[in-house]
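Hi,

Here is the model I promised to pass on. Have a look at it first, and my notes come right after.

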Amino acid sequence: MRHKRKRHHLSKPADQRNALMRTLATSFIKNDEIVTTLARAKALKEIADHLITLGKRGDVHAMRMASRLIYNHPTGNVVTLDSGKTIPETVLRKLFTNLAPKFDGRQGGYTRVIKVPPRRGDAAPMALIQFTAAEEA
């Protein structure tokens with residue numbers, strides 16, 4: 001039986017779907033909001049909420065589990081460590097040091113999906129996915 005085994009298949013094989021979700025999750029954390037199709041935004045919402053939960057845990061195992069779900073690309077910003085050394089900020093570091101602490105007082109509902117007008121050309125339903133503001137908690 002397949003009870004409680006729902007997956008967003010997105011009309012793709014598993015390997016392509018996993019790569020697509022990793023890319024979307026990485027872009028989402030890097031830019032704080034993205035515009036994509038409605039089906040992809042709904043699938044990404046589950047992954048992004050899980051990543052914030054891992055970020056709130058903050059231990060080494062959670063970092064390794066999060067690195068399985070996102071690519072650790074540089075964000076273009078620079079982080080200054082306590083020792084005064086500056087290093088490039090990566091997506092994984094941004095998740096654990098900037099994003100996750102903002103949601104400490106919140107127990108879920110870290111993202112929202114807002115419908116936007118359909119895409120020109122094929123009229124695909126589009127959506128804006130973004131992080132909820134931490135002060136709404």
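Below is what turned up, starting with how the values were obtained.

This is a predicted model, so local features need pLDDT of at least 70 and side-chain atom pairs count only at pLDDT 80 or more, while totals for chains, interfaces and linings use all residues. Residues are numbered from 1 along each chain as its sequence is written, and side-chain values use heavy atoms, with hydrogens and water left out.

**The core**

The largest nonpolar core (buried Ala, Val, Leu, Ile, Met, Phe, Trp, Tyr and Cys residues joined through side-chain atoms within 4.5 Å) has 28 residues. Buried here means under 20% relative accessible area, exposed means over 50%, and partly exposed is in between, with a 1.4 Å probe and protein chains only. Ile-29, Leu-51, Ile-70 and Leu-95 have the most contacts inside this core. At least two core residues come from each of α1 (14–31), α2 (38–57), α3 (60–69), α4 (91–102) and β5 (126–131). The biggest contributor is α2, with eight residues. These labels are DSSP runs numbered from the N terminus: helices are H or I with at least four residues, strands are E with at least two.

If you want one residue to click on, try Ile-70: leaving out residues up to four places away in sequence, Ile-70 touches Arg-22, Ala-25, Thr-26, Ile-29, Leu-51, Val-91, Leu-92 and Leu-95. A contact is heavy atoms within 4.5 Å.

**Helix α2**

The 20 residues of α2 should span 28 Å at 1.5 Å a residue, and the end C-alpha atoms are 29 Å apart, which agrees. (The expected span is 1.5 Å times one less than the number of residues.) There is a bend of about 25° at Leu-44, taken as the angle between axes fitted to the seven residues ending there and the seven starting there.

The buried residues of α2 include Leu-38, Ala-41, Leu-44, Ala-48, Asp-49 and Leu-51. What do the buried residues of α2 pack against? Their partners are α1, β1 (33–37), α3, α4, β4 (111–116) and β5. Just after the helix comes Gly-58, with a positive phi near 75°.

Ala-43 is also in α2 and counts as buried at 5% relative accessibility. Residues up to four places away aside, Ala-43 touches His-8, Leu-10 and Met-21. Ala-43 and Met-63 are 20 residues apart in sequence, and their C-alpha atoms are 21 Å apart in space.

**Salt bridges**

Searching the whole structure gives three salt bridges, each being a side-chain nitrogen of Lys or Arg within 4 Å of a carboxyl oxygen of Asp or Glu.

- Asp-32 pairs with Lys-94, the closest N and O atoms being 3.5 Å apart. Asp-32 lies in the loop between α1 and β1 and Lys-94 in helix α4, so the pair ties together parts that are 62 residues apart in sequence. Asp-32 is partly exposed at 34%, whereas Lys-94 is buried at 9%.
- Asp-59 pairs with Arg-57, with the closest N and O atoms 3.5 Å apart. Asp-59 is partly exposed at 34%, and Arg-57 is partly exposed at 46%.
- Asp-122 pairs with Arg-119, where the closest N and O atoms are 2.9 Å apart. Asp-122 is partly exposed at 47%, and Arg-119 is partly exposed at 36%.

Cheers
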